[in-house]
Structures are given as structure tokens and as C-alpha cells.
Amino acid sequence: MTNPASTNIAEHSTFAAGDADKSATSTPEASPPQASGQGSTTIAEVVVQKIAGLAAREVPGVHELGGGAARAFGAVKGRIPGASASAGQGVSVEVGQTQAAVDLQLLVEYGVSIPELAKDVRNNVIDSVEQMTGLEVVEVNINVSDVHIPADDSDGDTQGTGDRVQ
């Protein structure tokens with residue numbers, strides 16, 4: 001029987017950022033080990049995904065991450081006791097030996113300059129991922145999927161309960 005840890009390291013060491021042809025045996029779930037004289041460090045894709053998601057949410061003007069279906073699933077999951085929406089919702093990443101690429105899907109607040117917001121989100125994600133992981137972020141693609149309008153948050157059932165009738 002082979003040691004699974006050594007098998008995974010061998011499989012991951014053949015994966016590099018930008019490889020178009022990933023073999024069926026390699027799993028891009030973690031970065032290949034970053035070697036040093038005292039051992040190696042492997043960073044899982046989910047780690048980079050969560051860092052990028054949290055960094056994007058820190059920027060004022062970002063209401064939420066994810067497309068409509070992902071947000072709906074997150075809202076349902078958030079109502080289950082003990083469950084929480086994923087920090088990586090709306091984020092997908094590719095991680096190589098020394099580089100990472102990030103794709104974000106954003107819901108922005110109404111009235112915010114989208115080009116400025118995208119620039120701020122991109123800078124914050126790059127800074128956070130590079131600082132925490134040591135990986136070079138080669139690109140951050142941003143897809144603005146919707147605009148949040150505060151009036152959409154009201155339930156609508158309070159419209160007829162004004163001061164008109166007492």
C-alpha cells in the first residue's frame with residue numbers, strides 16, 4: 001500500500017498554473033508543495049478561495065458574492081441551525097506552484113462606481129492572497145452580476161399599514 005500523502009505530492013508536483021492539459025490523476029485541490037530547506041508547504045484551493053472571498057467582502061460597496069442561485073442557496077443554508085454561508089461563495093480559483101488566478105462574482109450596492117469598486121476589490125484580493133499565501137496572483141477577474149437596491153430589502157407587506165387607518 002502506498003502512502004497517500006506522498007502520492008498526492010507527486011501528483012500535485014506536475015500541476016503548474018496555466019496548464020491547459022491537467023491529467024485525470026492530478027487534482028487541483030491544493031497547490032503543489034512550496035519547497036524550502038526545512039520542508040514543504042501545500043496550500044489548498046479552498047484556502048485561497050476563502051481568503052479572496054473575505055478580502056472582496058471587506059471592500060465598501062460589495063453587497064454580496066455569488067450569482068442568484070448561489071446567493072439563494074447560501075440564504076437557505078444560513079437558516080439551518082449550525083450552518084453558515086461559505087466564505088468562498090461566488091469565488092473560484094486556480095492554484096499552481098507559485099501562482100494563483102481568482103474569479104469573483106459580485107452583487108454591488110446601487111450608486112457605487114463599478115470601475116472604482118472593481119479596482120479596489122482587485123487590489124485588496126491581490127494584497128490579501130499574496131500576503132497570506134506567498135502565491136503570486138496573476139489575475140483577478142470580476143463579474144458584476146447584479147446591483148443591490150436597498151428598497152428591495154423591504155418586505156412589501158408594510159405598504160398598506162401606514163397611518164391612514166387607525
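**Figure 1. Gln89 is a buried loop residue****.** The relative accessible area of Gln89 is 12%, where buried means under 20%, exposed over 50% and partly exposed in between, for a 1.4 Å probe and protein chains only. The model is predicted: local features need pLDDT of at least 70, side-chain atom pairs count only at pLDDT 80 or more, and totals for chains, interfaces and linings use all residues. Residues are numbered from 1 along each chain as its sequence is written, and side-chain values use heavy atoms, without hydrogens or water. Gln89 belongs to the loop that lies between helix H3 (68-78) and strand S4. Helices (H or I, at least four residues) and strands (E, at least two) are DSSP runs numbered from the N terminus. A polar atom of the Gln89 side chain lies 2.9 Å from the backbone oxygen of Leu65. A polar contact is a pair of N or O atoms within 3.5 Å; within protein, one must be able to donate a hydrogen and the other to accept it, and residues adjacent in sequence count only if both atoms are side-chain atoms.

**Figure 2. The chain as a whole contains four helices and six strands****.** From start to end, these elements follow the pattern α-β-β-α-β-α-β-β-α-β. The chain has 166 residues, of which 28% count as buried. Among contacts with a separation of 6 or more, 66% join residues 24 or more positions apart; contact means heavy atoms within 4.5 Å. About 10300 Å² of the chain is exposed, and carbon and sulfur atoms supply 51% of this area. Accessible areas come from the Shrake-Rupley method with a 1.4 Å probe; for residues, only the protein chains shown count as cover.

**Figure 3. Strand S4 (91-95) carries alternating side chains****.** Val91, Val93 and Val95 point to one face and are buried. Ser92 and Glu94 point to the other face and are not buried. In a regular strand the side chains alternate between the two faces of the sheet. S4 pairs with S5 in the antiparallel sense over five bridges, pairing being assigned if DSSP finds at least two bridges between two strands. Val91 has Leu104 in S5 as its bridge partner. Three residues lie between S4 and S5, which form a hairpin.

**Figure 4. Strand S5 (99-109) also pairs with S3 and S6****.** S3 and S5 are antiparallel and share three bridges, and Glu64 stands opposite Leu107 in S5. S5 and strand S6 (residues 136-148) run parallel and are joined by eleven bridges; Glu109 has His148 in S6 as its bridge partner. From S5 the chain crosses through H4 to S6 in a right-handed β-α-β crossover. Right-handed means that, with the strands pointing away from the viewer, the path from the first strand over the helix to the second runs clockwise.

**Figure 5. Leu107 and Gln105 both lie in S5****.** Leu107 is buried, with a relative accessible area of 5%. The C-alpha atoms of Leu107 and Asp146 are 4.8 Å apart, although these residues are 39 apart in sequence. Gln105, by contrast, is partly exposed because its relative accessible area is 27%. The separation between the C-alpha atoms of Gln105 and Gly90, 15 residues apart along the chain, is 5.1 Å. Leaving out residues up to four places away in sequence, Gln105 touches Glu64, Leu65, Gly66, Gly67, Gly90, Asn143 and Ser145.

**Figure 6. Val62 is a buried residue** **of strand S3 (residues 62-65)****.** The relative accessible area of Val62 is 11%. Beyond its neighbours within four places in sequence, Val62 is in contact with Ala56, Arg57, Leu106, Leu107, Leu117 and Val121. The C-alpha atom of Val62 is separated by 8.9 Å from that of Val112, 50 residues apart along the chain.

**Figure 7. The buried residues of H2 pack against three strands, S3, S4 and S5, and one helix, H4 (114-133)****.** The buried residues in H2 are Glu45, Val48, Ile51, Ala52, Gly53, Ala55 and Ala56. An α-helix has 3.6 residues a turn, so residues three or four places apart point the same way. H2 (residues 45-57) has 13 residues and reaches 18 Å from its first C-alpha to its last, close to the expected 18 Å. The expected span is 1.5 Å times one less than the number of residues in a helix.
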